[in-house]
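Me: I'm new to this structure and would like a close look at a single part of it. Could you walk me through the largest pocket, and then show me how the rest of the chain sits around that picture?

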Amino acid sequence: MNAAIIGYGKMGREIERLLVERGHGVGLIVDVDNRGDLDAAHLRGIDVALEFTTPATAYDNIRACIDAGTPVVSGTTGWTDRLDELKTRCLNCTECELCKARTQVVFGVGNPAADILLIGEGPGENEDLQGQPFVGRSGKLLDQFLESIDLSREKNVYIANMVKCRPPKNRDPKPEEQEACLHWLREQFKIIRPRLVICVGRIAAQRLIDKDFRVTRQHGEFIDKNGTLFMGTYHPAAILRNPNNKEAAFGDWLKVRDKIEELHLNV
Ligand code: URA
């Protein structure tokens, strides 16, 4: 079979790998941004077109396939739709005590198709007011680290927290609050399917990497968990309290940059 892949995002690349692995040909790859170029002539010699774009863009692509007599399989991934649906449910959550004092649920922000997921601890005062993770002073520092290695929440990472509601007076989230909230993060993980997870701070690293995780000793180490790499680093709030750790934290982000290159992650 000789296939065309239309919409070359994360799913498109996975399908390409699968096709090649099974001995099929990939005769044409069309990025969604260039879909206007697609016409019947491009589809000559293509047996099947696999379409991974949003419904709004699918029509033109499907029409070109019909014109060319090429069967089309429309496999819209719907990352955004699925995450939006999850968010709508999460915003109404009352599964633990933290819902009582919150102003807003802080679900998460970023590119749902990102290969990199950052997980913090929980919203602080600014996050609770604005409904976005990491928007206070520590968020600014996190954004600086990200920018230094060409990452950003607008482009190529997704950012979430262990708990979605602010713990009073910014105390650590209690184990039972983390447990109650964990299923939201699991569902986010299943939709985003990151290849690299950065645990920002002790709370996330101890719950997701190792219950005895010590940031001072284990920061910057990559651990493979069922095919996904996890790494724990300093929480920016801890760096603001003790700026001596800034250099070590920066070193962790440089390691992330190297890992992105080594694994050819999509950024
Ligand atoms: N600290 C966190 O861990 N998460 C936020 O969203 C803000 C501060």
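Reply: Happy to help; here is a walk from the pocket to the enclosed cavity, the cores and two single residues.

Please keep in mind that this is a predicted model. To get your bearings, the chain has 267 residues, and its secondary structure comes to ten helices and ten strands. Along the principal axes, the C-alpha atoms fill a box of roughly 65 × 40 × 30 Å.

Now to the part you asked about. The largest pocket holds about 710 Å³ of space. Its lining is made up of 28 residues, and those nearest the centre are Glu121, Ser138, His235, Ala237 and Arg241. Which helices each supply at least two residues of this lining? They are α4 (125-130), α5 (137-148), α7 (202-208), α8 (215-218) and α9 (236-241). Of the contributors, α9 gives the most, with four residues. Sorted by class, the pocket lining has nine nonpolar, eleven polar and eight charged residues.

The enclosed space makes a useful companion to the pocket. There is one cavity of 30 Å³ or more, and the largest cavity contains about 110 Å³ of space. Its lining has 16 residues, with Cys93, Cys96, Arg102, Cys165 and Cys181 nearest the centre. Here helix α6 gives the most, with four residues. By class, this cavity lining has eleven nonpolar, one polar and four charged residues.

Next come the cores. In soluble globular proteins, nonpolar side chains tend to be buried together. In this chain, the largest nonpolar core has 54 residues, and Ile116, Leu118, Ile198, Trp253 and Val256 have the most contacts inside it. Helix α6 (residues 175-192) supplies the largest share of this core, six residues. Another core, of ten residues, lies apart from it and includes Leu28, Leu43, Ile46 and Cys65.

Leu118 gives a good sense of how the largest core is knit together. Leaving out residues up to four places away in sequence, Leu118 touches Leu142, Leu146, Val157, Tyr158, Ile159, Ala160, Ile198, Val200 and Trp253.

Two further residues make a nice pair to look at. Thr233 has its place in strand β10 (residues 228-233). Is Thr233 buried or exposed? Thr233 counts as buried, because its relative accessible area is 0%, where the cut-off for buried is under 20%. Beyond residues up to four places away in sequence, Thr233 touches Ile198, Cys199, Val200, Gly201, Val215, His219, Ala249, Asp252 and Trp253. Ile198, Val200 and Trp253 are also among the residues that Leu118 touches.

Ile62, in helix α2 (residues 55-68), is partly exposed, with a relative accessible area of 25%. Apart from residues up to four places away in sequence, Ile62 touches Glu51, Val72 and Ser74. The C-alpha atoms of Ile62 and Ala49 are separated by 8.6 Å, and these two residues are 13 apart along the chain.

Finally, step back to the whole chain. Buried residues make up 46% of it. The chain exposes about 13,500 Å², and carbon and sulfur atoms supply 48% of that area. Among contacts between residues at least 6 apart in sequence, 68% join residues at least 24 apart. If you go back to the pocket in the viewer, Glu121, Ser138, His235, Ala237 and Arg241 mark the part of the lining nearest its centre.

Methods:
Residues are numbered from 1 along each chain as its sequence is written. This is a predicted model: local features need pLDDT of at least 70, side-chain atom pairs count only at pLDDT 80 or more; totals for chains, interfaces and linings use all residues. Side-chain values use heavy atoms; hydrogens and water are left out. On a 1 Å grid over the protein atoms alone, a cavity is a set of points where a 1.4 Å probe fits but cannot get out, and a pocket is an open set with protein on both sides within 12 Å along at least five of seven lines; lining residues have an atom within 4 Å of a point. Grid points are joined across faces, edges and corners, and a volume is the space filled by probe spheres set on the points. Ala, Val, Leu, Ile, Met, Phe, Trp, Tyr, Cys and Pro count as nonpolar, Asp, Glu, Lys and Arg as charged, and the others, Gly among them, as polar. A nonpolar core is a set of buried Ala, Val, Leu, Ile, Met, Phe, Trp, Tyr and Cys residues joined through side-chain atoms within 4.5 Å. Buried means under 20% relative accessible area, exposed over 50%, partly exposed in between (1.4 Å probe, protein chains only). Contact means heavy atoms within 4.5 Å. Accessible areas come from the Shrake-Rupley method with a 1.4 Å probe; for residues, only the protein chains shown count as cover.
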